[in-house]
There are 2 protein chains.
Amino acid sequence: VNDAGRLSIDETVERIKALVGPKGWVSDPNDIEPYLVEPRGLFHGATRLVVRPASTADVAAIVTLCAAAKLPIVPQGGNTGLVGAQVPPENGNNIVVSLQRMNKIRAVDPLNYTMTVEAGVILADIQKAAEEADRLFPLSLGAEGSCRIGGNLSTNAGGVGVLRYGNTRDLALGLEVVLPDGRIWDGLRALRKDNTGYDLKQLFIGGEGTLGIITAAVLKLFPRPREIETAMIALANVDDVMEIFARARAASGDQLTAFELIPRFGIEMTTQHLHGISDPIAAAYPWYVLLEISSSEASGASRAKLENFLAAQIEAGLVVDGVIAASAAQAANIWRIRDGMTEAQGYEGGSIKHDVSVPVSRVAEFIRTAMAAVEARLPGIRPCPFGHVGDGNIHFNLSQPKGADPKGVDKAAYLARWGEFNDIVHGIVAALGGSISAEHGIGRLKRDEITHYKSPLELDLMRKIKHALDPDGIMNPGKVIAAE
Amino acid sequence: VNDAGRLSIDETVERIKALVGPKGWVSDPNDIEPYLVEPRGLFHGATRLVVRPASTADVAAIVTLCAAAKLPIVPQGGNTGLVGAQVPPENGNNIVVSLQRMNKIRAVDPLNYTMTVEAGVILADIQKAAEEADRLFPLSLGAEGSCRIGGNLSTNAGGVGVLRYGNTRDLALGLEVVLPDGRIWDGLRALRKDNTGYDLKQLFIGGEGTLGIITAAVLKLFPRPREIETAMIALANVDDVMEIFARARAASGDQLTAFELIPRFGIEMTTQHLHGISDPIAAAYPWYVLLEISSSEASGASRAKLENFLAAQIEAGLVVDGVIAASAAQAANIWRIRDGMTEAQGYEGGSIKHDVSVPVSRVAEFIRTAMAAVEARLPGIRPCPFGHVGDGNIHFNLSQPKGADPKGVDKAAYLARWGEFNDIVHGIVAALGGSISAEHGIGRLKRDEITHYKSPLELDLMRKIKHALDPDGIMNPGKVIAAE
């Protein structure tokens with residue numbers, strides 16, 4: 001205890017350990033390691049303590065102790081984030097609060113189409129619990145077997161369901177949050193309509209743990225799909241893709257659940273490098289779209305819609321070829337092309353990645369402009385623009401030129417130019433009114449870069465909000481926005 | 001100019017007049033009157049100046065002058081709000097900034113399914129512009145011919161499209177806002193995905209003008225409906241209503257666009273008092289639901305869905321009778337019952353109103369409990385619970401007992417008990433985890449009442465946000481939250 005009657009950092013750490021008991025903390029270097037590295041290995045932090053509370057009350061007690069000692073906290077869910085928000089800094093001065101033990105589904109209310117879950121529930125477990133109640137929780141992404149809903153909420157995760165069901169933000173009706181001073185905000189409302197003041201939950205969703213620790217949430221559920229129809233269509237010209245999308249929305253009765261762009265390069269890579277994938281269309285075309293329609297009503301209408309749509313667009317000359325999956329296996333083959341692109345691209349050498357969005361109407365313009373710009377900078381570079389073009393979100397990934405050594409010195413030299421190509425691509429994105437982080441967030445990776453793309457006024461507003469809720473800056477400091 | 005070199009209030013007002021020119025301000029008492037009274041006559045304010053800027057730059061210049069002189073501002077759109085947020089206080093110390101002249105549609109982008117509009121555009125004009133681009137802007141409410149989108153955004157308006165398309169919050173992709181210090185925040189993004197920091201627009205949506213003045217917005221559009229089918233169904237028991245709703249969501253492929261509860265009292269009032277309305281079902285039942293399915297694909301599927309659903313629920317015993325509108329005239333008749341209830345209730349004497357919501361699964365429990373409670377307090381009272389039960393939102397309106405004088409002294413004595421019945425009903429709402437203002441907001445009318453239903457912590461958070469963005473409290477002071 002120091003002169004001011006405050007606990008020292010060491011004493012605070014001991015109090016926290018005593019509070020949660022032996023199952024509630026980790027400090028052995030080997031056991032701590034998995035909490036320190038993020039999936040792509042971009043950051044490797046350090047910490048003296050990982051604490052694993054089992055209840056909201058414990059989280060609140062921990063944060064209260066940390067607030068008194070001004071001991072900074074890094075909240076962590078499944079540690080699958082791609083921008084380093086969940087990794088402690090290298091100086092070891094932050095403790096990690098892992099929500100993994102808070103993994104209870106508190107309630108499922110099928111008639112209200114809602115579920116109340118703790119922050120540490122794994123996304124796939126939420127999907128399963130919804131299905132058991134004959135409902136759908138539509139958030140779906142690559143890491144769903146290990147990511148946790150608190151992290152999904154904190155990063156406003158996207159994924160493949162956004163087109164029909166929205167981002168994670170759109171799927172939350174209420175939150176429970178431990179504030180930076182240790183108080184618990186019970187905002188666990190299960191209401192579709194509530195206009196009683198500022199919608200505070202919106203600050204914590206997408207806040208990347210910098211304004212408080214989300215401990216529980218009320219999530220929206222939907223009717224479970226009873227029929228799903230999948231098609232792959234080929235386009236002569238990428239400029240047609242948005243007109244096709246607009247027509248598909250109307251023709252499907254707005255029941256499109258996927259509209260994913262795939263370039264020819266994507267088909268070639270996946271069929272060559274991955275096992276058991278075949279090209280579903282005999283001839284080769286420059287651009288493809290994976291298109292899915294689903295419905296909670298099993299009437300065969302989805303298939304009819306897809307057939308009519310495809311016939312009309314071939315007739316109109318917008319679609320040059322296409323196939324509707326005749327079986328679950330054929331649908332799975334099409335989806336494996338889409339989902340396998342990142343893995344397949346690994347076999348082609350270094351890949352410089354971008355997670356960007358533009359207005360949906362400017363997707364083709366973005367692709368054309370950005371491809372020309374990167375090809376001008378490095379002849380032979382192989383762009384692979386793919387993904388959720390129905391949301392305006394393109395994963396604009398660039399493989400190193402063919403023929404260069406895909407592993408050794410050429411790869412390293414190529415990847416050393418990551419920032420250079422980011423600048424080119426993000427400049428085009430900004431000129432088109434787009435976003436340099438569509439899904440993944442800011443964290444540490446893009447914290448300094450966004451200062452070039454956001455107005456000083458917006459950064460100032462963000463800092464004001466941060467300061468209002470966390471005046472001592474103990475909640476995930478150095479993420480999203482730098483300290484003043 | 002005072003000692004500190006600051007303009008006086010009088011000088012500031014003169015500067016503002018000079019800035020906007022003779023067309024840009026109103027100060028004659030007769031001309032000012034329409035800006036001072038709200039639709040139900042609950043508040044009658046005073047002001048020395050109504051200023052009507054024509055551009056965002058003018059709004060910014062006005063707010064900059066007001067900020068320097070600490071002259072408070074009441075932003076106003078179409079002046080249709082029901083909680084007094086848009087009315088200046090009686091002391092005359094605030095000026096009114098009306099956005100009515102900022103009524104330009106800046107851009108329509110059908111391929112992006114978006115539209116960029118200024119705050120003063122009338123809602124019906126936005127709907128029309130969307131239709132001309134073969135799109136739908138789904139926000140729809142009683143005042144749509146005179147309310148303006150800036151007000152709709154500031155109150156997060158609900159209306160009849162919420163079930164399918166969400167509240168106004170869900171329909172906005174970006175905002176332009178003049179902050180309380182006069183700076184302009186250009187957040188006019190047209191993106192479906194953008195995870196680059198705190199989602200600041202969420203603060204101004206539903207902020208009722210207390211954090212800044214919304215001057216423009218990017219709105220989401222949808223495919224235009226090509227077929228709309230309407231039915232009226234009768235239930236034996238209000239307890240069945242939510243099970244029927246859950247089944248209707250799934251059976252319609254989640255294409256329900258209305259699910260509105262109507263009590264027998266509503267049918268009797270509207271057919272008796274309003275012109276040309278007939279009871280669509282021959283026999284009398286205690287409860288009815290207006291049910292609408294629509295689709296952007298004209299295939300006849302909506303009618304088939306509705307027929308199949310109705311047959312299945314009659315077979316299952318949940319629905320006791322029903323009719324599907326066979327013509328546009330029949331559909332209009334059903335909708336006139338729903339929309340005519342407030343007007344018809346006026347002929348039945350005093351009506352004490354509530355705009356509440358509960359979780360959708362608890363709607364029947366709420367109705368039963370609240371009806372019993374008000375009938376116990378005043379035997380003969382005639383509850384008319386109706387409205388958007390698909391959103392959990394019930395307009396729980398109470399007509400005075402039959403036989404009492406519907407106009408004179410009995411009505412006045414009945415309406416004098418408004419607060420007493422609010423307390424009863426809101427207490428039940430709170431116990432069910434509901435909201436005492438589902439659609440209309442807080443404004444002045446419910447500002448003090450919410451302090452009984454929100455935690456001190458939540459009110460404290462709201463105050464912190466208010467203070468962070470508007471430290472001098474010049475933006476619509478005294479609305480939503482009281483000053484500290």
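Here is a walk through this two-chain model, from the way the copies are arranged down to single residues.

This is a predicted model, in which local features need pLDDT of at least 70, side-chain atom pairs count only at pLDDT 80 or more, and totals for chains, interfaces and linings use all residues. Residues are numbered from 1 along each chain as its sequence is written, chains are lettered from A and ligands numbered from 1 in the order in which they are written, and side-chain values use heavy atoms, with hydrogens and water left out.

Let's start with the pair of chains. Two copies of a chain are related by a rotation about an axis and a shift along it. Here, a turn of 180° and a shift of 0.0 Å along the axis lay chain B on chain A with an RMSD of 0.0 Å. The two copies are therefore related as by a two-fold rotation axis. The superposition is a least-squares one on the C-alpha atoms of residues with pLDDT of at least 70 in both copies.

Now for where the chains meet. In chain B, 83 residues are in contact with 83 residues of chain A, contact being heavy atoms within 4.5 Å. Because 100% of the interface residues of chain B are also interface residues in chain A, the copies meet through the same surface. Between them the chains bury about 6900 Å², with 56% of it on carbon and sulfur atoms. On the chain B side, Lys193(B), Asn195(B) and Tyr198(B) lose the most area to chain A, together 15% of what that side buries. Buried area here is the accessible area (1.4 Å probe) that two parts lose on being put together, summed over both.

One contact to look at across the two chains is a charge over a ring: the charged end of Arg249(B) sits over the ring of Tyr113(A), 4.1 Å from its centre. That label needs NZ of Lys or CZ of Arg within 6 Å of the ring centre and within 35 degrees of the ring normal. Within chain B, Lys17(B) lies over the face of Trp25(B), at 4.4 Å from the ring centre.

Tyr113(B) has a backbone quirk: its phi is near 50°, a positive value in a residue other than glycine. Tyr113(B) lies in the loop between strand E5 (105–109) and strand E6 (114–118) of chain B, and counts as buried because its relative accessibility is 0%. The cut-offs are under 20% relative accessible area for buried, over 50% for exposed, and partly exposed in between (1.4 Å probe, protein chains only). Helices (H or I, at least four residues) and strands (E, at least two) are DSSP runs, numbered from the N terminus. Lys70(A), also not a glycine, has a positive phi of about 50°. Lys70(A) is in the loop between helix H3 (56–69) and strand E3 (73–76) of chain A, and is partly exposed at 43%.

Next, the aromatic rings. Rings of Phe, Tyr and Trp (its six-membered ring) pair if their centres lie within 6.5 Å; planes under 30 degrees apart count as stacked, over 60 as edge-to-face and the rest as tilted. That gives 12 aromatic pairs over all chains. Among them, Tyr285(A) and Tyr288(A) are edge-to-face, at 6.5 Å centre to centre and 75° between the planes. Tyr285(A) is buried at 19% relative accessibility, and Tyr288(A) is buried at 0%. The ring centres of Trp185(B) and Phe204(B) are 6.0 Å apart with the planes at 35°, so this pair is tilted. It links distant parts of the chain, 19 residues apart: Trp185(B) is in strand E9 (residues 184–187) and Phe204(B) in helix H7 (residues 201–204) of chain B. Both are buried, Trp185(B) at 2% and Phe204(B) at 3%.

Strand E9 of chain B also holds Gly187(B), which is buried at 4%. Beyond its neighbours within four places in sequence, Gly187(B) is in contact with Gly174(B), Leu175(B) and Glu176(B).

Finally, the nonpolar core. The largest one has 84 residues, and Phe137(A) and Phe137(B) touch the most other members. A core is a set of buried Ala, Val, Leu, Ile, Met, Phe, Trp, Tyr and Cys residues joined through side-chain atoms within 4.5 Å. Leaving aside neighbours within four places in sequence, the contacts of Phe137(B) include Leu123(B), Ile126(B), Ile149(B) and Leu171(B).
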